[in-house]
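Q: I am new to this structure and would like a close look at one part of it. Could you take me through the nonpolar core and then show me what lies around it?

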Amino acid sequence: MDSKLLLIHCITLLYRESELKESSGSGPLCQQVVETIKLPDSSVSLQTGREVIVGLRSTVHWMLDHREKSYDKTQLLQRVRVNTKDESHLYNALNDAIQPMESEDKLKEQILSYRKSLREHLNAQQITTILAQAYSQVGFGNDPNAKIDYREFVREVYDKLEPFTHDIIDSKHPSVIDHASFASDEEIVDLLSRSKEEISADGVLKTGYQAFNRLLGSNRGFRRGEFAVIGALQHNYKTGFTLNLFKHFALYNKPYMRDPSKKPMLFHVSLENELPMNIMELYANLKENETGEICDKTMVDPAEAAKYIRERMGVNGYHIEMVRLEPGQCSYHDFFDMILRYEAEGYEIHAVICDYLNMMNKKGLDRGGPAGEDIRQLFRVCRNFFAPRGITFITPHQLSTEAKMVKRGGIDNFVQYIANGGFYDGSKRIDQEVDLEVYIDISKIPGDGSYLNIQRGKHRGVNNTPEKDLYTVLPFRPAGGVCDDLLGEDTSRSSAGGASMAQGGGDWFDL
């Protein structure tokens, strides 16, 4: 990027940050950028350009020296007009960039954009240096006949380049998730307030299944900020179940806003199924649960169905977004950027359903550690990102071949047996990173039908769920699959084939 434009970006960023109630501290970033700008060699033809750069650098240093005060806009523009001499386009660029913003969200969005621009400049400078040194090491070594360990060479270069896979947009270290200084009460009050929010029933997301709500404890739903994993073997309703939960959040919950100025949003992400398939499944499930009749998907009118889905899913005021991502092209960095973009657009995201998180590209994670460490890290960084934002995050995950062998062994109460046993595909330690574990499995009773067995495992911070509520069974229906029962009779059972709770419960062999 042109040196003069970089300096205009620094001036704009520092001015915009001074307008925030709490400055985000891009001073060190701007200082680093200024240090990379070299003055052109002095000559008659370049003298004017050299003077402009010197003048703009002096203005950036002046702003850095007066960070504790707000900047007078008129005084700042006067300085820059003098700095830029005949290059009026630079003055006009700054003047346009610091006009009043329509909202603080737009202001933050602009600040993020300038930080990213400056950070990319610094990254480019450092990457160029690393690659130049690497080329020099290989191409111009002292001994041309020396044997080079290319495996070790590549590892060293990769280690130097790896930090640049992270999109760091502020000056704090990326490992810092939360911080509290005991020098004042403000940060501690904020953390305690957030702790109360996490255990509060305010904003709890109910599901459409009465028994499943009981399974989640006294709050009768998912708490804001919880990270939940739904474990099951292949072809055991993981996608269908989580798509139902997404539907339930929209249908049965009035948005509880932590920030009333925002717009409530629910977000469904698929890294497996095509989006047209998920939309059709959502429409069919909505329709079948409403009518009790099987939906013929070949006869669906797209325009009519679109209107129906939009009205039903928006009944309580949620903005709904669904997206299909290419797993190989999407890392958790890209995923987080999507969330940040929605937040900058004024949305307060209440829940994200991700089908399946483990399919995401593991770029930027430790792939040199023990088997499954990258998966565990992926779950950890996602929980650390979503929990402070109060975003409930739910993802299904495949169970391991060991769990499949247990199932093939014909053991009774499969989901109860494997609960809390670490039977996850790829990593046995996922349970250490999540807040909530739920296990599901389909069983069939000859002559009766199919049932979904559900067992709750770990639930961080919830210790008051009665033992009898940790396991439940829901029937599959010809129309609607595992149908909603929140607004009607309780259809859950204590065992597959038994009587429903509305009928008094009991096991099938008691009938």
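A: Here is a walk through the core, followed by some places elsewhere in the chain.

Please keep in mind that this is a predicted model. The protein chain has 16 helices and eight strands. Of its 511 residues, 46% are buried. Among contacts between residues at least 6 apart in sequence, 69% join residues at least 24 apart.

Let us start with the core itself. In soluble globular proteins, nonpolar side chains tend to be buried together. In this model, the largest nonpolar core has 45 residues. The residues with the most contacts inside this core are F335, V352, L357, M360 and F386. Several helices and strands give two or more residues each to the core, among them strand 1, strand 2 (263-270), helix 13 (332-344) and strand 4 (347-355). Further along the chain, the elements that do so include helix 14 (373-386), helix 15 (401-408), helix 16 (414-418) and strand 8 (471-475). Helix 14 provides the largest share, six residues.

F386 makes a good place to zoom in. Leaving aside neighbours within four places in sequence, F386 is in contact with F335, F336, I339, V352, I391 and F393. Two of these partners, F335 and V352, are themselves listed with F386 among the residues with the most contacts inside the core. A second, separate core has 41 residues, including L205, Y252, L282 and M322.

Next, look at R224, which sits in the loop between helix 9 (210-215) and strand 1 (227-232). With a relative accessibility of 3%, R224 counts as buried, because the cut-off for buried is under 20%. What does the side chain of R224 meet there? One partner is the side chain of E348, joined to that of R224 by a polar contact of 3.5 Å. Another is the backbone oxygen of G390, which lies 2.7 Å from a polar atom of the R224 side chain.

Now for some details of the backbone. Most residues other than glycine have a negative phi, and most peptide bonds are trans. Against that background, a cis peptide bond joins D355 and Y356, with omega about 0 degrees. Y356 is in the loop between strand 4 and helix 14. Both D355 and Y356 turn up again as contacts of T239, together with E272, N273 and N278, when neighbours within four places in sequence are left aside. T239 itself belongs to helix 10 (residues 238-252). This threonine is buried, with a relative accessible area of 15%.

Two asparagines have a positive phi. N413, in the loop between helix 15 and helix 16, has a phi of about 55 degrees although it is not a glycine. N420, in the loop between helix 16 and strand 6 (436-445), has a phi near 65 degrees. N413 counts as partly exposed at 44% relative accessibility, and N420 is also partly exposed, with a relative accessible area of 48%.

Two more buried residues are worth a visit. G208 is in the loop between helix 8 (186-199) and helix 9, and counts as buried at 0% relative accessibility. The C-alpha atoms of G208 and H248 are separated by 5.3 Å, although these residues are 40 apart along the chain. Not counting residues up to four places away in sequence, G208 touches H248, Y252, D484, D485 and L486. Y252 in that list is one of the residues of the second core.

A305, in helix 12 (residues 302-313), is buried with a relative accessible area of 6%. Beyond its neighbours within four places in sequence, A305 is in contact with Y283 and V300. From C-alpha to C-alpha, A305 and K287 are 9.4 Å apart in space, and they are 18 residues apart in sequence.

Let us finish with a pair of helices. Two packed helices are described by the angle between their axes and the distance between the axes. Helix 1 (residues 3-18) packs with helix 4 (residues 73-84) at an angle of about 175 degrees, and their axes are 13 Å apart. That angle makes helix 1 roughly antiparallel to helix 4. Helix 1 makes the contact with I8, I11 and Y15, and helix 4 with K73, L76 and V80. By class, this contact has five nonpolar, no polar and one charged residues.

Methods:
Residues numbered from 1 in each chain as written. Predicted model: local features only at pLDDT ≥ 70, side-chain atom pairs only at ≥ 80, totals over all residues. Heavy atoms only, no water. Helix = DSSP H or I, 4+ residues; strand = E, 2+ residues; numbered from the N terminus. Buried < 20%, exposed > 50% of the residue type's maximum accessible area, 1.4 Å probe, protein only. Polar contact = N/O pair within 3.5 Å; in protein donor to acceptor, adjacent residues only side chain to side chain. Axes fitted to C-alpha atoms, helices over the stretch in contact; angles between N-to-C directions. Parallel < 35°, antiparallel > 145°, perpendicular 65-115°, else oblique. Contact = heavy atoms within 4.5 Å. Nonpolar A, V, L, I, M, F, W, Y, C, P; charged D, E, K, R; others polar. Core = buried A, V, L, I, M, F, W, Y, C linked by side-chain atoms within 4.5 Å.
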